[in-house]
Amino acid sequence: MMEDLSLHVLDIAENSIAAGATLIIVTINESRKRNLLTLRVADNGRGMSRAELRRARDPFFTTKEKRTGLGLPLLAQTAEQCGGGLTITTRPGKGTRVEARFFYRHIDRPPLTNMRGTMMALVFGHPEIDFRYRHRRDGRIFAFASRRFIPARLAAGGLAPETIGRVRRHLGAGLRRIGTT
Ligand SMILES: Nc1ncnc2c1ncn2[C@@H]1O[C@H](COP(=O)(O)OP(=O)(O)O)[C@@H](O)[C@H]1O
Ligand SMILES: [Mg+2]
């Protein structure tokens, strides 16, 4: 199975959406100097109880018939294989933060691949959600806020057709500028 890290980001953010989040903050840090890659998704969704958190990390349990998508246990396993790990911080009624760390140059580390595709799928799949995305690669930073392109008052109505192209170009140019994809 293709297990690019951008697909994991999509998968973790889909959990935030399922948890009723209205604000989702995606943060990626790539530091070649420190040999570290970190992904983080923070949301203001319903959060998890201790029991739910324990189950969320259990590869043999899901609240659904079948795990949809890649799932947290696979992300945890991949991160651990790459000398890092997964940390989930959550508060019922407040939100959740999922952070995965990898050695940047670990032989088993999946490539990041397509953060533009992930952010496009999130933003246009859920225009009502306030998405913030900050990607740092070595010294360079790209920051994106969906509300700049889709104001809250427009999210419910139809999107202007040119909005999709504008966001795609903005993400493409920003990610190219910092030297990632
Ligand atoms: N951001 C989140 N907020 C609240 N609950 C979450 C969040 N992420 C994961 N969970 C809980 O953990 C479970 C496991 O997530 P996951 O491994 O992605 O599998 P799936 O989404 O298919 O159930 C979810 O079903 C949900 O109950
Ligand atoms: Mg999921």
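## Sheet, helices and turns in a predicted model

Thr-113 counts as partly exposed, because 16 C-beta neighbours lie inside 10 Å, a number that falls between the limits of 12 or fewer for exposed and 20 or more for buried. This residue belongs to a predicted model, in which an open sheet of six strands runs in the order E3-E4-E2-E1-E5-E6 with mixed pairing. The edge strands are E3 (85-91) and E6, each of which pairs on one side only. Neighbouring strands of the sheet are turned against each other by 10° on average, direction ignored.

**Strand pairing in the sheet**

- Strands of a sheet pair through backbone hydrogen bonds, and the pairing may be either parallel or antiparallel.
- E1 and E2 pair in the antiparallel sense over eight bridges, and the two strands form a hairpin with four residues between them.
- On its other pairing, E1 joins E5 in the parallel sense, again over eight bridges.
- Ile-25 takes part in both pairings, since it stands opposite Ala-42 in E2 and also opposite Arg-132 in E5.
- Strand E5 (residues 130-137) pairs with strand E6 (residues 140-145) in the antiparallel sense, here over six bridges.
- Within the pairing of E5 with E6, Arg-134 stands opposite Ala-143 in E6, and His-135 stands opposite Phe-142 in E6.

**Helices on the sheet**

- Helix H1 (residues 5-18) packs on the sheet, where it touches strand E1 (23-31), strand E2 (36-43) and strand E4 (95-103).
- The direction of H1 makes about 20° with that of E2.
- Helix H4 (residues 115-125) lies across E1, E5 and E6, and its direction runs at about 170° to that of E5.
- E1 is thus touched by H1 and is also among the strands that H4 lies across.

**The contact between H1 and H4**

- The axes of H1 and H4 come within 8 Å and cross at roughly 20°, which makes H1 roughly parallel to H4, as angles under 35 degrees are counted that way.
- H1 passes H4 in a right-handed crossing.
- On the side of H1 the contact is made by Ser-6, Val-9, Leu-10 and Ala-13, while H4 contributes Met-115, Gly-117, Thr-118, Ala-121 and Leu-122.
- Sorted by class, the residues of this contact are six nonpolar and three polar, with no charged residue among them.

**Positive phi in loops and turns**

- Most residues other than glycine have a negative phi.
- Asn-35 has a positive phi of about 50° although it is not a glycine, and its place is in the loop between E1 and E2, within the turn of their hairpin.
- Asn-35 is exposed, because 12 other C-beta atoms lie within 10 Å, and a residue with 12 or fewer is assigned to that class.
- Thr-113, the residue named at the start, has a phi near 70°, which is a positive value in a residue other than glycine, and it lies in the loop between E4 and H4.
- E5 and E6 also form a hairpin, with two residues between them, and Asp-138 in that turn has a positive phi of about 50°.

Methods: Residues numbered from 1 in each chain as written. Chains lettered and ligands numbered in written order. Predicted model: local features only at pLDDT ≥ 70, side-chain atom pairs only at ≥ 80, totals over all residues. Pairing = 2+ DSSP bridges. Axes fitted to C-alpha atoms, helices over the stretch in contact; angles between N-to-C directions. Contact = placed C-beta atoms within 7 Å. Parallel < 35°, antiparallel > 145°, perpendicular 65-115°, else oblique. Left-handed = near helix turned anticlockwise from the far one by under 90°. Nonpolar A, V, L, I, M, F, W, Y, C, P; charged D, E, K, R; others polar.
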